[in-house]
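Biologist: I would like to go through some of the terms used for this model. Please set each value against its cut-off.

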Amino acid sequence: MGGPDRRWIDRYLGHLAKERRLSPHTSSNYARDIGALVDFLERGNVADWKRVDSQHVRVFAAKSHAGGLGPRSVQRRLSAVRGFFGYLVREGAAASNPAVDIRAPKAARRLPGTLDVDQINQLLDIPGDDPLTMRDRAIMELFYSSGLRLAELIGLALTDIDLADRTVRVLGKGSKTRIVPVGRKACDAIRAWLRERAALAAIDETALFVGRNGVRLKSRAVQLRIAGWARRKGLPSRVYPHLFRHSFATHLLESSRDLRGVQELLGHADISTTQVYTHLDFAHLARTYDASHPRAKRKT
């Protein structure tokens, strides 16, 4: 007893080619993913598309994952199967779509990269007293001092920074405003930049950080300047603005252990977003536990 009619796969791919103009690579992926389902159904002696139910698809997804496919690949495979069965239902070859409520396993959250304290110090110690260098120094100091997102930093106005109070008012995601402390060195760097800014900025420009043309700095310009300074300092080639935010959060948690406080500073709505940084320092926590917990101490 064989599996369901494979000719429906070719019909479906032909249908997609006409309607969505799929690339050969995408068509190949669809054919491979749906073909894997047919192989699975053949092994289970399921001979008709109308006999395929949600349990078949659920087991197919589980076996795909157990066979080495990552969560994202399983998700892509299920998406292909859902689309295929939607077509079969439309053509009358299946009574319902058994894949509609099946979800792939959650992908493991990737840990953010960080720079260690020595690397941060190396990057912030940039030579030169020309206006753009002083601006870049102020930008990087503020990134690391206050954990700002790139969009938050370039969105800052002159009135958002309070150097006397050493705070900055930030407009974060969801248009939520938060007040964040600014470190002493960042304040010093910003003061130095403000002395140069007046000669560079357009008369009516309110942005804290401006470019050569005197108007608000763009995201891409900040990314390129930071990457350039990192190369000149011999740091890893993949240095980008958000790396300062990751480093800020990690270093603060290492010293304070105040997860809620770091959540507030970062402007995270959900503490689970902040908790990713606790995994980065797990080795340190494990060593602390081994050295301190009464039941973990080694006998001497």
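Modeller: R11 lies over the face of W8, at 4.4 Å from the ring centre. The model is predicted, so local features need pLDDT of at least 70 and side-chain atom pairs 80 or more, while totals for chains, interfaces and linings use all residues. Numbering starts from 1 along each chain as its sequence is written, and side-chain values use heavy atoms, without hydrogens and water.

Biologist: What makes R11 count as lying over the face of W8?

Modeller: The rule asks for NZ of Lys or CZ of Arg within 6 Å of the ring centre and within 35 degrees of the ring normal. R11 is at 4.4 Å, so the distance condition is met. W8 also belongs to one aromatic cluster with Y12, Y30, W49, F84, F85 and Y87.

Biologist: Why is the aromatic pair of F40 and F60 called tilted?

Modeller: Rings of Phe, Tyr and Trp (its six-membered ring) pair if their centres lie within 6.5 Å; planes under 30 degrees apart are stacked, over 60 edge-to-face, the rest tilted. F40 and F60 have 5.7 Å between centres and 45° between planes, so they are a tilted pair. By this rule there are 10 aromatic pairs. Both F40 and F60 are buried (under 20% relative accessible area, 1.4 Å probe, protein chains only).

Biologist: How do you know that strands β2 and β3 pair?

Modeller: Strands (E, at least two residues) are DSSP runs numbered from the N terminus, and two of them pair if DSSP finds at least two bridges between them. Five bridges join β2 (residues 167–171) to β3, running antiparallel, so they pair. One of the bridges sets T167 against P181 in β3.

Methods
Buried means under 20% relative accessible area, exposed over 50%, partly exposed in between (1.4 Å probe, protein chains only). Helices (H or I, at least four residues) and strands (E, at least two) are DSSP runs, numbered from the N terminus.
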